[in-house]
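User: Could you take a close look at one part of this model for me, and then show me how that part sits in the whole? I would enjoy a connected walk-through rather than a list.

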Amino acid sequence: MGKQLGFLVDTEKCIGCFGCEMACKNEYQAEVKPRWRRVYQQKEGNLPYPERNFMSLACNHCADPACLKVCPVGAYSKREDGIVLHDHGRCIGCRLCTMACPYGAPQYNEKEGKVEKCQLCYQKIDRGEEPACVAACPVGALELIKDLASFPGPGTVKELPGFPDITITRPSVRFVPPRTGIQIRRDAE
Amino acid sequence: MAYQLSRRSFLKGLAAGGALTALTAYGGLKMAPTAAGVADGYPEAAAGARVFRNVCPRNCYDTCSMLSYVKDGILRKVSGDPANTFTNGRLCVKGYTYTRRVYSPDRLKYPMKQDKRGSGRWQRISWDEALDIIARKILDIKKQYGSTLPVCLNKYSGNFDILHYGIEGMMSSIGYTTRALGTPCWPAGIDAQTYDFGTLWNNDPEDLVNSRYIILWGVNPAWTSVHSMRFLYAAREKGAKLVVIDPVVTQTASKADLYLQIKPATDGALALGMARHILDNGWVDQEYLKANAVGWEEFFAYLRREVTLDWASKVTGIPAGVIADLAREYATTKPAAIWIGYGLQRHTNGGQNVRAIDALAAITGNVGKSGGGALYGHLETWGFNYAAMTMPKPAGALGVKKPDGTMSDRFININNFGAELLNVKDPPVKMLWIACRNPLSQDPEPQVVQKAFENMDLVVTVDHFLTRTAAWSDIVLPATTQFEEYGVNASYWHYWVGINEQAIEPYFEAKNDVQIAMLLSAKLNALEPGSCTYPTGGSLEELVGKEFNQKMLDLLGIADYRELKQGPRKAKLLTAAWSDGKFRTPSGKIEIKSSEAPKYGLPALPVYVPEKQAPPEYPYRFITPHWRHGLHSQFQNIDWMMNVSPEPFVEIHPATAAAKGIRDGDWVKIYNEIGYLTLKARITATTAPEILVAYEAWYKDLDYNLNYTVKAVPSDMGKKATGNRGLAFHDNFVNIEKVR
Amino acid sequence: MKRFLSSLLVILTIALFLAGCGSSKKSVSVQSGSTDENYRGVIYQDGLQGPESGKPNI
């Protein structure tokens, strides 16, 4: 196995603008419903102050992908660089992968009768470009980790509250946790 | 495999048929392989496309430089243009939906006529028939009333491309007409900065990186100017502190180092409290004031006489110690910038509050400094010729007689459109032309606007969609998007100017406002020669060329407008506004004591004018800011947007929800004496107990219009620079109950 | 067995009917409108002179 690409999700910088999610749709002119990348709002109670904090997630291109394991027709493969590819031509739409993935990354497209998911813009990666979501982030809250094994990531963590158990599939994603400022609130007393 | 083959053959047909045949099935393109070797069925949408330069023409700080990718006459995708260092090659969530806006199945394709206004019984008609109806009505009106004053134009910010001012030109070219004058957006703040500095002019927002202390005052760039966030973060990385002052914990407040939850509309009291503390501690920049300002002695006397930290604390709800700390940090960490938002001036004392903040920046010497400033907006890059707007009147045209014997159009207040339209007499308004505008959705009191429509013989709306306004019109005309027309755009925030190239053919029978004007002119002159002076020919690109003068060219460092085809240009303005010290007030200085304000019935000094209080029967302030997924009534209706943001909601503080027995997700009714709204509750402590927050937007197929509860109460300023006072949108009071 | 099935069918029908009633009774949707049909707005007189013409609405 070679290197493993991954995503760095900086929830300190992320403004939950949904730009990444829509840039993904724009890049592939995707169907309306499936959300290859999806912006999740964090529960207010998880934070010291009531705030609007978000987590942008796509396929985590796991080290140990559950989708690949359960697919009965071998529609999934893992590239040398760790990208988990889904072959739309092979997919029979059985949806086992959608049930196996802890992150909801593969999604069933009712219109097509098949599953689809984030392919980490592998064509762009092959050309040395950034994935569409990363290139679209206006604040640099989404980065491509070129090699997860040597990712030093000071101040980064492997999981955040609300993120599913990482021991199942070993997702290739790291987070910068949110930083909370001070709030002078009128309902404090 | 058979499936893929069928898709491929579909694609071929699409290419041959051009744009028109592609539209209905556009969403299906994704699975079609565009090149051999794409085995997995995830082709990139823009492979092999030709690239055009566009500008997003929406009413937005960021006015993004865009690239559009076109293949076989179809817009395949969009992206930001990296040539613009402010927007930095990125768009926002709205911008990335453009392909779905252009090819939305809901888009208007043809001119249509409605049987009875609001009936929904639409009939497709030809452009010729539509223009014939319109032209005959104009000529009938002129015959009956002796002038075209009963014809009224309401046009504003749906498309800020300069050529779209051609629609004002069309109105001028038929005679004197009635015009909805003003701006609902930001006029109180404009006048405030006009009284203080002579006009509004913010530092280059890219200069925010040089700030060491930044106060984001009533502004939420994380939603309304996403590209500014990068500069704010860059400043923070260099050590700057980000402070947000806002009644609600906005998205921007969630990213701040310090957030102050101020009582709404009391911003002036906070600024004055800070100023008093700064004065008491000797942090005033006396040298700067002596050289650049007038009236500061009287301002200081007012502070000493009337303002204390305790008073400011009582008015604003912010502890006195916090105000003192904020004042110290702001006055002693230089340079310090304040970004004044448009939300804080949408109050009956909004302009006055902006003036107090301006004064705070002035007395600390932060005006005219890189990294400093009292940033509000600017129009420094808007010095076009407005050639498309400037048309001669036809011979014999009659208008409103002015005291000097000359004639003028008749102006009614865009910010009280419904009531003024009902009220206007001698002659009444009988025909409405609405372009780049959606008053039945975005105006306060849409119920009154709708009543005023009842008096009309003819309502014509030009738009992309069957908006709430279009749905109450007699004739709708389909408008082109920016991808289908030529244009030129400037921003009221950053310093870039860009050209907008036509990338694709117009969608079905859509036309640009200027082209509509030309066709109407031809029709009018055919029916009555000499009745319209608008040109009937000429390309849009030629007209773009006519918008440039030497000053604009020099400002952009170009010899010819066509150089903009190579990329947008940044205006060669001073990086720090007012760093030349040449203020445009009557005295040439910062007028902390304004010589002009009293002429408009306003205090000369930035004294505190008390905020509007809630009446007992409607104890909740209903704040209705801009929405992350839309720009006014644009974008939220698009299918991709509905997918991530399917329904509206009202944000309610947990204490208020508990008192009213409301749980998260419950249906609630918000109401006051003029209107109501039923929607779902979202319980969140990002708002305050006495504040309800819902976001203005137009959702597809949902009867959502929060403006039914909003009265057309004017803000304090706006008359001087924009013709009419603004709107106190956020001085709106309601009650709330659970729907059982 | 037959009787069991038919009674099951009856129960099911009643249950579906009741569920239908419940859902139709609680159908609330996003709505907005006027609460005073006679409201015609207010003319705010400021008696001030603004610019007279020729200014684009920006």
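What follows is a look at one helix and then at the chains around it.

User: Which residues of helix α17 of chain B are buried, and what covers them?

Analyst: Happy to help, and one caution before we start: this is a predicted model. Helix α17 of chain B runs over residues 446–453, and seven of its eight residues are buried, so the helix is largely enclosed by the rest of the structure. Buried here stands for under 20% relative accessible area. The residues in question are Pro446(B), Gln447(B), Val448(B) and Val449(B), followed by Lys451(B), Ala452(B) and Phe453(B).

The cover over these buried residues includes several elements of chain B: helices α15 (417–423) and α16 (439–442), and strands β17 (431–435), β18 (458–463) and β27 (675–683). Chain C takes part as well, through its strand β1 (31–34).

Now let us step back to the domains. Chain B is divided into four of them, and domain 2 is made of the segments 112–181, 382–390, 397–490 and 496–570. Domain 1 covers 2–102, domain 3 combines 187–380 with 575–600, and domain 4 spans 620–738. Between domain 3 and domain 4 of chain B, the centres over C-alpha atoms lie 27 Å apart. Their contact draws on 27 residues from domain 3 of chain B and 31 residues from domain 4 of chain B.

As for the chain as a whole, chain B holds 23 helices and 29 strands. Its radius of gyration is 26 Å, close to the 27 Å that the globule rule gives for 740 residues, so chain B is as compact as a globular protein of that length. Along the principal axes, the C-alpha atoms of chain B fill a box of roughly 75 × 75 × 65 Å. Burial extends well past the helix we began with: 70% of the 740 residues of chain B count as buried. If you take the contacts in chain B between residues at least 6 apart in sequence, 75% of them join residues at least 24 apart. The exposed area of chain B is about 22,700 Å², with 52% supplied by carbon and sulfur atoms. Chain B also carries 82 positive and 74 negative charges, whose mean positions are 2 Å apart.

Chain C, which lends a strand to the cover of α17(B), has one helix and one strand. Of its 58 residues, 14% are buried. Chain C exposes about 4,600 Å², and carbon and sulfur atoms supply 63% of that area.

That leaves chain A. Two pairs of chains touch, and the pair with the most contacts is A and B. Chains A and C do not touch, and their nearest C-alpha atoms are 22 Å apart. Chain A has five helices and ten strands. With a radius of gyration of 17 Å, close to the 16 Å that the globule rule gives for 189 residues, chain A is as compact as a globular protein of that length. Its C-alpha trace spans about 60 × 35 × 30 Å along the principal axes, and 59% of its 189 residues are buried. The exposed area of chain A is about 7,700 Å², of which carbon and sulfur atoms supply 53%. The 26 positive and 23 negative charges of chain A have mean positions 2 Å apart.

Definitions and conventions:
Residues numbered from 1 in each chain as written. Chains lettered and ligands numbered in written order. Predicted model: local features only at pLDDT ≥ 70, side-chain atom pairs only at ≥ 80, totals over all residues. Heavy atoms only, no water. Helix = DSSP H or I, 4+ residues; strand = E, 2+ residues; numbered from the N terminus. Rg over C-alpha atoms; globule rule 2.2 N^0.38 Å. Buried < 20%, exposed > 50% of the residue type's maximum accessible area, 1.4 Å probe, protein only. Areas by Shrake-Rupley, 256 points an atom, 1.4 Å probe, with all protein chains shown as cover. Lys, Arg positive; Asp, Glu negative; His and termini not counted. Charge placed at Lys NZ, Arg CZ, Asp CG, Glu CD. Domains from an automatic or database assignment. Contact = heavy atoms within 4.5 Å.
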